[in-house]
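Okay, thanks for squeezing me in, everyone. Let me put the structure up, and then I'll walk you through it.

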Amino acid sequence: MAKNDDRLPYGENFTREMLRKREETMGDPLRRREAVPLDSMLAYFLRDSGLMGQWNENRIFKAWNHCSKAEKYTLSKSYVAGTLYVSLSSSVVRNQLYFQLDIIKKEMNLALAADRQFWMKPVDGVFVKNIVLR
């Protein structure tokens with residue numbers, strides 16, 4: 001750092017502090033020098049920040065939209081302990097989906113198992129055990 005450069009807002013103490021912090025975090029999995037795939041770093045970040053549950057829940061909701069083809073009629077969704085609760089705006093669509101629940105559930109579990117950004121562990125081999133339509 002040049003002594004004549006008064007435009008820099010940070011001095012040498014700041015640079016030393018940054019180097020010290022960098023040395024302290026060398027064991028941190030988010031601090032690496034080699035190339036690492038983004039999906040593995042995303043898993044570390046979500047786990048460490050406490051956002052993994054919401055991320056997986058969002059992936060389940062996306063699987064519902066894709067497998068049921070009823071996104072337009074879906075008012076709200078929630079996922080609790082293996083059960084997906086879905087509120088629908090149309091009783092006709094709800095009745096039609098009711099007869100297809102086993103197929104939708106099977107397709108959703110296959111889609112979630114194939115999703116590389118879904119990090120939930122299956123319980124008894126399935127992610128979504130039950131779907132409740134309201």
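So, a first number: 27% of the protein's 134 residues count as buried. Keep in mind that what you're looking at is a predicted model. In it we have 5 helices and 3 strands, and if you follow the sequence along, the order goes α-α-α-β-β-α-α-β. As for contacts between residues at least 6 apart in sequence, 51% of them join residues at least 24 apart.

Now to a pair of helices. Two packed helices get described by the angle between their axes and the distance between the axes. Here, take H3, residues 52-68, and H5, residues 101-114: their axes come within 9 Å and cross at roughly 130°. That's an angle that falls outside the roughly antiparallel range, which is over 145, so H3 and H5 are oblique to each other. The crossing of H3 past H5 is right-handed.

Who makes the contact? On the H3 side it's Arg59, Ile60, Ala63, Trp64, Cys67 and Ser68, and H5 brings Ile104, Glu107, Met108, Ala111 and Leu112. Sorted by class, that's 8 nonpolar, 1 polar and 2 charged residues.

Over to the strands. E2, residues 83-88, runs parallel to E3, and 4 bridges join the two. One position to look for is Val86, which stands opposite Leu133 in E3.

And which side chains of E3, residues 130-133, are buried? In a regular strand, side chains alternate between the two faces of the sheet. In E3, Ile131 and Leu133 point to one face and are buried, whereas Asn130 and Val132 point to the other and aren't.

That's my tour, thanks!

Terms used: Residues are numbered from 1 along each chain as its sequence is written. This is a predicted model: local features need pLDDT of at least 70, side-chain atom pairs count only at pLDDT 80 or more; totals for chains, interfaces and linings use all residues. Side-chain values use heavy atoms; hydrogens and water are left out. Axes are lines fitted to C-alpha atoms, for helices over the stretch in contact, and angles run from 0 to 180 degrees between N-to-C directions. Angles under 35 degrees count as roughly parallel, over 145 as roughly antiparallel, 65 to 115 as roughly perpendicular and the rest as oblique. A crossing is left-handed if the near helix is turned anticlockwise from the far one by less than a right angle, and right-handed if clockwise. Contact means heavy atoms within 4.5 Å. Ala, Val, Leu, Ile, Met, Phe, Trp, Tyr, Cys and Pro count as nonpolar, Asp, Glu, Lys and Arg as charged, and the others, Gly among them, as polar. Buried means under 20% relative accessible area, exposed over 50%, partly exposed in between (1.4 Å probe, protein chains only). Two strands pair if DSSP finds at least two bridges between them.
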